[in-house]
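Grab a coffee and open your viewer: here are a few exercises to work through, each with a solution underneath.

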Amino acid sequence: MKRRDFLQNGALGMAGFMLPSKTAWNSTAASRAADSRIEVLFDEPLGTISPNIYGHFAENLGGVLYDGIWVGEKSRVPNIDGVRKDLIEHMRKVKAPVIRYPGGCFADSYDWRDGIGPADKRPRRTNFWANAESEKSPQNHRYDPNTVGTNEFVHFCKLIGAEPYLAANVRSLPAEAFQHWVEYCNSPAGSTTLADVRAAAGYAEPFRVKYWGVGNESWGCGGEFTAQEYAVEFRRYTAWLPRFGDDLSLIASGPNTDDWSWTREFLTELVRKGPGQLRRVYGMALHHYAWNLSRGKTQNWEAGKGEALKFDSVDWYELLREGERMEGLVTGHWHVLSEFDREHRVKLVVDEWGPWYRPGGEATPGNLLEQIPTLRDAVFSGMTLDIFNRHPEKIAMANCAQLINCLNNLYLAHEDKFVITPVGHVFELYASHQGGSALRTIFSAPTLHYDRDGKPATFWGLRGSTSVRDKSLTMTVVNPSTSESRLAEIAFRSATVKEAAIRWMSDPDIHAHNTFEHRDALAPRTKQLSVNDGALVVEFPPACVAALNVQLN
Ligand code: AHR
């Protein structure tokens, strides 16, 4: 089975590896010589890191919306206007910039008109994911009560200070419905009938939603279009939309992983009506899930997946290898874009990324596509965010799939239980990159060697990204080795360090993760670093994701 078939049908179908010992933290080169070197090149800026690279994705799928985000105003679970309070608080802390909603595949079956007006009068509809739900899933996962609609979602975004990014339905609603959704959200108070409907719900002022997806995965669940057919639809759906004085940022449904032909054929057809058509496109979506952990044995969507909690060190590297593909996908699709858009106006929007394991490891039985992230997923996520930071001129936005109770979630929640996963902690470690100026940084470390089913395999030894704002520098670093620490000299070309601190996550057990019972099994630790002659020597323990916050002279 391929991912495309899985999505079309809407159906889903330990070995105990321990690190040798708890690694002690040495902030200075004490007893051994450095084996690695990191050099920050201040005179080689790469561009400004869009805060939206740290974006999120919340689909009406499984336990994401109901139980995850939304508990209801009358719930005994602490909430603000029906939204889980713990979630709001942590999302504020990580400075969540943007949230994509309502899908994913759900978006192309969703009628936004079902989700407005008095909540008790809203219709119940069959959720796109209903066929995949199990008997353990609650009713409202299968049959959407529409309690959460546009008002509630946009209000949730406002509560945490994030921008909403709405995905319009291209498969099963006409272009007119898209226009009216924009009108409902953005028309000024008192101007249109839909503005009056919005005001009657308590939202007189326009939502001013800027980011709009024009369908989702239009090559699959979003309509089974060819790239040419979708380009025709894209032109039609975007030929006219009401602006109300604000520019809209329209995001075209883009390729799945390395489907270069989707990108090329979409753009070829789009500009058949002239190169000016490109001005309609703010971003081209790119989706990449790291799902194939079969060590090269299969491309089958079901058979190729691995487990979230049970894995050995080869599986660890296998996931990171899948994640590492992101760099080539970003540069590859950018290269294709460049053939059409020499001015580089159109950016990439990686609006779904993360690991995808086989079912069975849910924190709450019945929550579709829920998995419990471990240290492996934290390292994977850090590595992916570093890739985005290294390409700030190409990537306008990225959205981790998904926010809560699903795939690479930052949070797990059920009723009154809530826990921040290692992935949630990574977003906290990396938050200070947002809006910083990325600097080219050279990482030089011994290559890792390991045995991949009897064949020698390698992986890089140390990588990361750097950004600076005034005299404040953030450097994030990943040590992917499951067994070896790295001691790195860090040199700052044309700058010296005043003071520095490190916040990091690692653990002797590569499976370390947080649960409702053990909420802090894995959490960042902080340490002040000693500065020697304006430079640093830092030890990165095995299986580590770290953030250095450096004040420069
Ligand atoms: O994130 C889960 C699903 O994965 C989304 O609905 C779809 O867009 C993607 O294939």
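**Exercise 1. The barrel**

Which residue in E13 is the bridge partner of Gly 55? Then place that pair in its wider setting.

Solution. Keep in mind that you're looking at a predicted model.
- Step 1: go to Gly 55 and look across to E13, where its bridge partner is Asn 399.
- Step 2: zoom out to the two strands. E2 covers residues 55–57 and E13 covers residues 395–401, and they pair in the parallel sense over 3 bridges.
- Step 3: follow the strands around. The order E2-E5-E8-E9-E10-E11-E12-E13 makes a closed barrel of 8 strands with parallel pairing. From one strand to the next, the twist averages 25°.

**Exercise 2. A strand with two partners**

Find the strands that pair with E20, and work out how E20 is placed with respect to solvent.

Solution.
- Step 1: start with E19 (residues 463–469), which pairs with E20 in the antiparallel sense over 7 bridges. For a landmark, take Thr 466, whose bridge partner in E20 is Met 475.
- Step 2: check the turn. E19 and E20 form a hairpin with 2 residues between them, and Asp 470 in that turn has a positive phi of about 55°.
- Step 3: now take E25 (residues 544–552), which is also antiparallel to E20, over 8 bridges. Here Leu 473 has Val 550 in E25 as its bridge partner.
- Step 4: look at the cover. E20 spans residues 472–479, and 7 of its 8 residues are buried.

**Exercise 3. Two loop residues**

Is Ser 137 buried or exposed? Ask the same of Pro 373: buried or exposed?

Solution.
- Step 1: locate Ser 137 in the loop between strand E6 (125–126) and helix H3 (139–142). Its relative accessibility is 7%, and the cut-off for buried is under 20%, so Ser 137 counts as buried.
- Step 2: check what surrounds Ser 137. A polar atom of its side chain lies 3.0 Å from the backbone oxygen of Ser 134. Leaving out residues up to four places away in sequence, Ser 137 touches Arg 142 and Gly 366.
- Step 3: move to Pro 373, in the loop between strand E12 (347–355) and helix H10 (375–389). Pro 373 comes in at 2% relative accessibility, so this one counts as buried too.
- Step 4: list the company of Pro 373. Beyond its neighbours within four places in sequence, its contacts include Leu 407, Pro 422 and His 513. Thr 515 is 142 residues away from Pro 373 in sequence, yet their C-alpha atoms are 9.6 Å apart.

**Exercise 4. Cores and rings**

Which residues touch the most other members of the largest nonpolar core? And how is the pair Phe 225 and Tyr 230 arranged?

Solution.
- Step 1: this core has 135 residues, and the ones touching the most other members are Ile 69, Phe 156, Trp 212, Phe 266 and Trp 353. Helix H9 (residues 313–340) gives the largest share, 10 residues.
- Step 2: look for a separate core. There's another one of 26 residues, with Ile 38, Phe 443, Ile 490 and Leu 536 among them.
- Step 3: turn to the rings. The whole structure holds 28 aromatic pairs. Phe 225 and Tyr 230 make a tilted one, with 6.4 Å centre to centre and 45° between the planes. Both of these residues, Phe 225 and Tyr 230, are buried.
- Step 4: finish with the aromatic cluster that includes Phe 106, Tyr 110, Trp 181 and Trp 212. You've met Trp 212 already, in the largest nonpolar core.

Terms used: Residues are numbered from 1 along each chain as its sequence is written. This is a predicted model: local features need pLDDT of at least 70, side-chain atom pairs count only at pLDDT 80 or more; totals for chains, interfaces and linings use all residues. Side-chain values use heavy atoms; hydrogens and water are left out. Helices (H or I, at least four residues) and strands (E, at least two) are DSSP runs, numbered from the N terminus. Buried means under 20% relative accessible area, exposed over 50%, partly exposed in between (1.4 Å probe, protein chains only). A polar contact is a pair of N or O atoms within 3.5 Å; within protein, one must be able to donate a hydrogen and the other to accept it, and residues adjacent in sequence count only if both atoms are side-chain atoms. Contact means heavy atoms within 4.5 Å. A nonpolar core is a set of buried Ala, Val, Leu, Ile, Met, Phe, Trp, Tyr and Cys residues joined through side-chain atoms within 4.5 Å. Two strands pair if DSSP finds at least two bridges between them. Axes are lines fitted to C-alpha atoms, for helices over the stretch in contact, and angles run from 0 to 180 degrees between N-to-C directions. Rings of Phe, Tyr and Trp (its six-membered ring) pair if their centres lie within 6.5 Å; planes under 30 degrees apart count as stacked, over 60 as edge-to-face and the rest as tilted.
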